[in-house]
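Colleague: I am new to reading protein models, and I would love some help with this one. Could we go through it together, one question at a time?

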Amino acid sequence: MRVKKRVLVTGGAGFLGSHLCERLLSDGYHVVALDNFFTGSRDNLSHLAQRPDFELIEHDISFPFFIEVDAIYHLACPASPIHYQSNPIQTTKTSFLGTLYMLELATKLEVPLFQASTSEVYGDPLEHPQQESYWGHVNPIGPRACYDEGKRCAETLCFDFWRKFGTRIKIARLFNTYGPRMHPNDGRVVSNFIMQALQGEPITIYGDGRQTRSFCYVDDMIEAIVRLMQTDESVTGPINLGNPEELPIIELAEKILEMTGSQSELLLKPLPCDDPKVRRPSIALAEQTLQWRPRVVLEDGLRPTISYFSNFIDQQSALLGQ
């Protein structure tokens, strides 16, 4: 009988991590999810809890961890400004120490490591769209630096391990991703706008709303991550993963108001420090290397996302009514 390959997913109880665990299980892997539940939730994985090929371990990735696996998907790190700025020193430790310990584990076991980097390594970019060759425009001492510079340092560690030890690395720079299981209070525009619209609250827009973002549905992102890990050892990344379709924030708000039927008003507030004005990936490398391009259009991705948050609000209301 063929023994299933065992894979480790750090941050496995988070938004992206839980979807990745599902996908890897459906692909026939034995999955071990690691999470400290700072932003992740057991509820995201409750439907997998009884499976014999799934394990969930509570652990803080900024401390060493050992397990025998055949591959490592390293996603652990708070990814929204509200969460990563709430404890910036811990965010930096998670990015640096967490990646260090996972690289040491991957090197010891001689297994590949996927590193979830971010579009934030480009900072508030002067190049548009952003290509992998762009070094970025980052404020190293600003309030977002704990995440931006933490992820940049994590990429540095990956390549130093690759050069010194031949560690098999796969680095992806993930751009804005949305879908069911996003944290309802993570402060990101998709979750913020949907929650506010469904509850009849003002839609909070920072700046004038003309700053742009590109939104990739979670299923498309997971497909790209899986394809990257299937490439041969010569493919190290970094590779941009995201949707190249660019949208002003105010148009996203109007789209969500239309789809929810909400009468919420738009409320403009000052733009936070170092908040990027534009964000759009060049995905030419991903198209060439992975034969991948996002397939889910915004409206089709927003429908299940809105449904998820609507159910979440109903469940919370029912609990409060008990």
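Here is our conversation about the sheet, the helices and a few single residues.

Modeller: Happy to help! This is a predicted model, where local features need pLDDT of at least 70, side-chain atom pairs count only at pLDDT 80 or more, and totals for chains, interfaces and linings use all residues. Residues are numbered from 1 along each chain as its sequence is written, and side-chain values use heavy atoms, with hydrogens and water left out.

Colleague: Which strands stand at the edges of the open sheet?

Modeller: Helices (H or I, at least four residues) and strands (E, at least two) are DSSP runs, numbered from the N terminus. Two strands pair if DSSP finds at least two bridges between them, and seven strands form this open, parallel sheet in the order β3-β2-β1-β4-β5-β6-β11. A strand at the edge has a single partner, so one of its sides is left without a neighbour in the sheet. Those at the edges are β3 (54–58) and β11 (239–241).

Colleague: How many bridges join β5 to β6?

Modeller: In general, strands of a sheet pair through backbone hydrogen bonds, either parallel or antiparallel. Here β5 (residues 113–118) and β6 (residues 169–174) run parallel, and one bridge pairs Leu113 with Ile169 in β6. The number of bridges joining β5 to β6 is six.

Colleague: At what angle do α1 and α6 pack?

Modeller: Axes are lines fitted to C-alpha atoms, for helices over the stretch in contact, and angles run from 0 to 180 degrees between N-to-C directions. Contact means heavy atoms within 4.5 Å, and the residues that meet include Phe15 and Leu16 in α1, with Val218 and Met221 in α6. The axes of α1 (residues 15–26) and α6 (residues 218–229) are 10 Å apart, and the packing angle is about 65 degrees.

Colleague: Is Thr118 buried or exposed?

Modeller: Buried means under 20% relative accessible area, exposed over 50%, and partly exposed in between (1.4 Å probe, protein chains only). Thr118 lies in β5 and touches Tyr147, Lys151, Ala172, Arg173 and Leu174, not counting residues up to four places away in sequence. Its relative accessible area is 4%, so Thr118 is buried.

Colleague: Which residue has its backbone oxygen 2.9 Å from a polar atom of the side chain of Thr177?

Modeller: A polar contact is a pair of N or O atoms within 3.5 Å; within protein, one must be able to donate a hydrogen and the other to accept it, and residues adjacent in sequence count only if both atoms are side-chain atoms. Thr177 is in strand β7 (residues 177–178) and counts as buried, at 12% relative accessibility. The backbone oxygen that lies 2.9 Å from its side chain belongs to Phe175.

Colleague: What is omega for the cis peptide bond that joins His128 and Pro129?

Modeller: Most residues other than glycine have a negative phi, and most peptide bonds are trans. Pro129 lies in the loop between β5 and α4 (145–165). The bond from His128 to Pro129 is cis, and its omega is about -5 degrees.

Colleague: And what is the phi of Phe37?

Modeller: Phe37 is in the loop between β2 (30–35) and β3, and it is buried, with a relative accessible area of 19%. Phe37 is not a glycine, yet its phi is positive, at about 65 degrees.
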